[in-house]
Each structure stands twice: as C-alpha cells, then as structure tokens.
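Biologist: I am new to this structure. Please take me through one part of it closely, and show me how that part sits in the whole.

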Amino acid sequence: EVGYVKGFIQGSWYRQLPASRQMVVALRGALGAAHGFPRSVLAVDPDGNPVIGPDGLPVSALVQDLPASERFFAGGPTTNRGFSTDQLGNEDTISPGGFPTGGNGEILLNGEFRVGLVRAFSGVGFLDAGNVFKNATDIRLVDLRASAGFGLRLGSALGPIRLDFGFKLRPKVSLTGQREKGWEYHLSIGEAF
C-alpha cells in the first residue's frame, strides 16, 4: 500500500482581440505538488531475493517515493512543445540514459497568439515554460525550461488538427557531453490548452 497526498491546479485565460481577422491570446498556468507518506520496503538483491542483515532478519528501508503512475511528467504537445513527450525535467527526474522518472512537483506556463488565416486554417505562435522537480519543495521559477515556436491548425469535425514546431531556448549539454536536440514537432488533435 502506498499513501500520498497530491494536488494539481491550473488556470486559463482567453481574450479575443478586436481585429478584422480572428486573433486570440491564450494563457495558462499550472502547478502540481505531491508528497508520499513514509513506508517500510524490504531491500532486495539484483536477483529479487530479500537482503538479509547481520542479525539474520530481512533488511528494510524507509521510502517516500510515489508510484510512477502518480508522479508528474511534462514535455510534449500539451505541456512544453520544445520537448518530446515526458522529456522535460532535470538530472533528478531524467535518468542518465534519458529515461523520464517523473517527480513530485511540476510547474507549467503557456502563452499562445492564435490568428485565423484562410478558410479552415489558422496559425499560432507560442511560448512555453516549465519543469518537473523531484520534490515539491524543489520548485523554483529560476529552474524553468523555456521553448518558443509556431504551429498551423486545420479546423475539422474532430477539432483542430495541429502541427507545432517548438524550439528550446537554451538546450543543455548532458553529463556525457551530448547536447540535447534543439527542437521538436508535434502532430495532434485539439488545442494544447
């Protein structure tokens, strides 16, 4: 059994500008925080067998991790479009091999300028910022990762079909010396927010 407390709050604001062409400014902010309750877990060796201590009893450890399904993940078409799905994070929430492990804290900020073009087509310029943090207490605005980009929308019966291109404003270099990819594209249905 895993006990935890988790909260997520977001707000959006939309304003249509007075112009001959349809123009909309859209903003969103989101904050998520979670905390796992301490629990005792048996230590196991690489083969999955319980570790036995010098007293002959199984060794246990106190952990507060959330299950992966309950952690926050970000990056992708609805959070920060300069990053691949779930790849927004730092050294604490992305493994050295590039696998996202998620975190207990998340902050997202998005801004869009949507413009009607011709017929069912519209365009968008956007600025996204955010990050995922190992602990909710680690959330710092100075640690946000930002991206900017543009996209094209095609109105359909299913909702807008969109193609977005996001560019990281400050790509990082990993501990192995490899520079992260500077841009991503996303093809999806529906608005980002």
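Modeller: What follows starts with the whole chain, then moves to the sheet, its salt bridges and a surface patch.

Keep in mind that this is a predicted model. The protein chain has 0 helices and 9 strands. From the N terminus on, its elements read β-β-β-β-β-β-β-β-β. The C-alpha trace spans about 80 × 35 × 35 Å along its principal axes. The radius of gyration is 21 Å, whereas a compact globule of 193 residues would have one near 16 Å. Of those 193 residues, 32% count as buried.

Now the sheet. It is open and has 7 strands. Their order is β1-β2-β5-β6-β7-β8-β9, and the pairing is antiparallel. Which strands form the edges? They are β1 (4-17) and β9, each of which pairs on one side only. From one strand to the next, the twist averages 15°. As a general point, the strands of a sheet pair through backbone hydrogen bonds, either parallel or antiparallel.

Two pairings deserve a closer look. Strand β2 (residues 23-36) runs antiparallel to β5, and 11 bridges join them. Here A26 stands opposite E112 in β5. Strand β8 (residues 161-168) pairs with β9, also in the antiparallel sense, over 7 bridges. In that pairing, G166 has E184 of β9 as its bridge partner.

Stay with β9, an edge strand. Its residues fall on two faces. E184, H186 and S188 make the covered face. W183, Y185, L187 and I189 make the uncovered one. So E184, the partner of G166, belongs to the covered face.

Next, the charges. How many salt bridges does a search of the whole structure find? The count is 12. One of them joins R81 and D164, whose closest N and O atoms are 3.6 Å apart. This pair links distant parts of the chain. R81 is in the loop between β4 and β5, D164 is in strand β8, and the two are 83 residues apart. Are these partners buried or exposed? R81 counts as buried because its relative accessibility is 1%. D164 is buried too, because its relative accessible area is 0%. Under 20% is the cut-off for that word.

Strand β5 brings us to E112 again, the residue opposite A26. The side chains of E112 and R114 meet in a salt bridge, at 2.5 Å from N to O. E112 has 3% relative accessibility, so it counts as buried. R114 has 15%, so it counts as buried as well.

R114 has another partner. It forms a salt bridge with E191, and the closest N and O atoms are 3.9 Å apart. R114 lies in strand β5 and E191 in the segment after β9, so the pair ties together parts that are 77 residues apart in sequence. E191 counts as partly exposed, because its relative accessibility is 31%. Salt bridges that share partners join R81, E112, R114, D128, R153, R162, D164 and E191 into one network. The R81 and D164 pair thus belongs to the network.

Now turn to the surface. A nonpolar patch of about 840 Å² is made by L117, V118, F121, L152, L154, L158, I161, L187 and I189. Which elements give two or more residues to it? They are β7 (145-154) and β9 (183-189). L187 and I189 are on the uncovered face of β9, and both are in the patch. L117 comes from the loop between β5 (105-116) and β6 (121-133). It counts as partly exposed because its relative accessibility is 41%.

The loop between β5 and β6 also holds R119. Its phi is near 50°, a positive value in a residue other than glycine. R119 counts as exposed because its relative accessibility is 89%.

D86 also has a positive phi, about 65°, although it is not a glycine. D86 lies in the loop between β4 (60-63) and β5. At 29% relative accessibility, D86 counts as partly exposed. R81 is in the loop between β4 and β5 as well, but R81 counts as buried.

Methods:
Residues numbered from 1 in each chain as written. Predicted model: local features only at pLDDT ≥ 70, side-chain atom pairs only at ≥ 80, totals over all residues. Heavy atoms only, no water. Patch = residues over 30% accessible without salt bridge, like charges linked within 9 Å, V, L, I, M, F, W, Y side chains within 5 Å. Areas by Shrake-Rupley, 256 points an atom, 1.4 Å probe, with all protein chains shown as cover. Salt bridge = Lys/Arg side-chain N within 4 Å of Asp/Glu carboxyl O. Helix = DSSP H or I, 4+ residues; strand = E, 2+ residues; numbered from the N terminus. Buried < 20%, exposed > 50% of the residue type's maximum accessible area, 1.4 Å probe, protein only. Pairing = 2+ DSSP bridges. Axes fitted to C-alpha atoms, helices over the stretch in contact; angles between N-to-C directions. Rg over C-alpha atoms; globule rule 2.2 N^0.38 Å.
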